[in-house]
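Welcome! Take a moment to turn the structure around on your screen, and then use the notes below as a guided tour.

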Amino acid sequence: MKTAGTWIAAFLVCLCMGSCALMLTGTHQRMPIESKTPNAVVWLNGKPVDTAPCTVKLKRSFDTKPRLEIRKDGYITQKPELKVRFNEVASLNFLFPWNWLIDGYSGAAMRYNQIDTVVLK
């Protein structure tokens, strides 16, 4: 019986100390990038990361948004806008409202909308 009580207590402590969105979805998000122009270079925060099509890892943050650019010589650089939305998983924090602080501070309470296929002109 003592072991069962210890496990229950440990579970309750974890439940109270953790935040749902942070534990279930983390502070990063994978964003697929597609371009109708083959071999367009994807830049993230001023650095080249891959060629489209690819998937980039974005840090979620309320302070600063990642800057995406899709470039190719002879084409106009496209800068898709990352729109922020509420991360539905964070709504599980209704049981323990202080967990909103953790999810908010870590950026886990938000997500970026998927961007459309980029067309370079």
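Helices here are DSSP runs of H or I with at least four residues, strands are DSSP runs of E with at least two, and both are numbered from the N terminus. By that rule, the protein chain has 3 helices and 7 strands. Please keep in mind that this is a predicted model.

**The overall layout**

- Starting at the N terminus, the elements follow the order α-α-β-β-β-β-β-β-α-β.
- The chain has 121 residues, and 35% of them are buried.
- Among contacts with a separation of 6 or more, 68% are between residues 24 or more positions apart.
- About 8100 Å² of the protein chain is exposed, and 62% of that comes from carbon and sulfur atoms.

**Strand 2 and its neighbours**

- Which way do the side chains of strand 2 point? They alternate: Val-42 and Leu-44 face one side and are buried, while Val-41 and Trp-43 face the other side and are not buried.
- Strand 2 runs antiparallel to strand 3, and 4 bridges join the two.
- Strand 2 is also antiparallel to strand 5 (residues 68-71), again with 4 bridges.
- Trp-43 helps you find both partners: Pro-48 stands opposite it in strand 3, and Glu-69 stands opposite Trp-43 in strand 5.
- Strands 2 and 3 form a hairpin with 2 residues between them.

**Backbone spots to look at**

- Most residues other than glycine have a negative phi, and most peptide bonds are trans. The next three bullets show exceptions to look for.
- Asn-45, in the turn of the hairpin, has a positive phi of about 55 degrees. Asn-45 is partly exposed, since its relative accessible area is 39%.
- Asn-39 also has a positive phi, near 60 degrees, and is found in the loop between strand 1 (28-33) and strand 2 (41-44). Is Asn-39 buried or exposed? Asn-39 counts as exposed because its relative accessibility is 54%, and the cut-off for exposed is over 50%.
- Ala-52 and Pro-53 are joined by a cis peptide bond, with omega about 0 degrees. Pro-53 belongs to the loop between strand 3 (47-51) and strand 4 (54-59).

**The nonpolar core**

- How many residues does the largest nonpolar core have? It has 17, and those with the most contacts inside it are Met-31, Ile-33, Val-42, Val-56 and Leu-68.
- Strand 1, strand 2, strand 4, strand 5 and strand 7 (110-112) each give two or more residues to this core. Strand 4 gives the most, with 3 residues.
- Ile-33 is a good residue to click on. Not counting residues up to four places away in sequence, Ile-33 touches Val-42, Ala-52, Pro-53, Cys-54, Val-56, Leu-68, Ile-70 and Ile-115.
- Two names in that list may ring a bell: Ala-52 and Pro-53 are the pair joined by the cis peptide bond.

**Salt bridges**

- The whole structure holds 3 salt bridges.
- Glu-69, Arg-71 and Lys-79 are linked in a network.
- In this network, the side chains of Glu-69 and Arg-71 meet at 2.5 Å, N to O. Glu-69 counts as buried at 15% relative accessibility, while Arg-71 counts as partly exposed at 28%.
- The side chains of Glu-69 and Lys-79 meet at 4.0 Å, N to O. Glu-69 is in strand 5 and Lys-79 is in the loop between strand 5 and strand 6 (84-86), so this pair ties together parts that are 10 residues apart in sequence.
- Is Lys-79 buried or exposed? Lys-79 is exposed, because its relative accessible area is 60%.
- Arg-85 and Glu-88 also form a salt bridge, with their closest N and O atoms 2.7 Å apart. Arg-85 counts as partly exposed at 30% relative accessibility, and Glu-88 is partly exposed with a relative accessible area of 45%.

**A nonpolar patch on the surface**

- Which residues make the nonpolar surface patch of about 320 Å²? Met-23, Leu-24 and Leu-92 make it.
- Leu-24 lies in helix 2 (residues 20-25). Leu-24 is exposed, with a relative accessible area of 59%.

Note on methods
Residues are numbered from 1 along each chain as its sequence is written. This is a predicted model: local features need pLDDT of at least 70, side-chain atom pairs count only at pLDDT 80 or more; totals for chains, interfaces and linings use all residues. Side-chain values use heavy atoms; hydrogens and water are left out. Buried means under 20% relative accessible area, exposed over 50%, partly exposed in between (1.4 Å probe, protein chains only). Two strands pair if DSSP finds at least two bridges between them. A nonpolar core is a set of buried Ala, Val, Leu, Ile, Met, Phe, Trp, Tyr and Cys residues joined through side-chain atoms within 4.5 Å. Contact means heavy atoms within 4.5 Å. Accessible areas come from the Shrake-Rupley method with a 1.4 Å probe; for residues, only the protein chains shown count as cover. Patches are made of residues with over 30% relative accessible area and no salt bridge: like charges are joined within 9 Å, nonpolar side chains (Val, Leu, Ile, Met, Phe, Trp, Tyr) within 5 Å.
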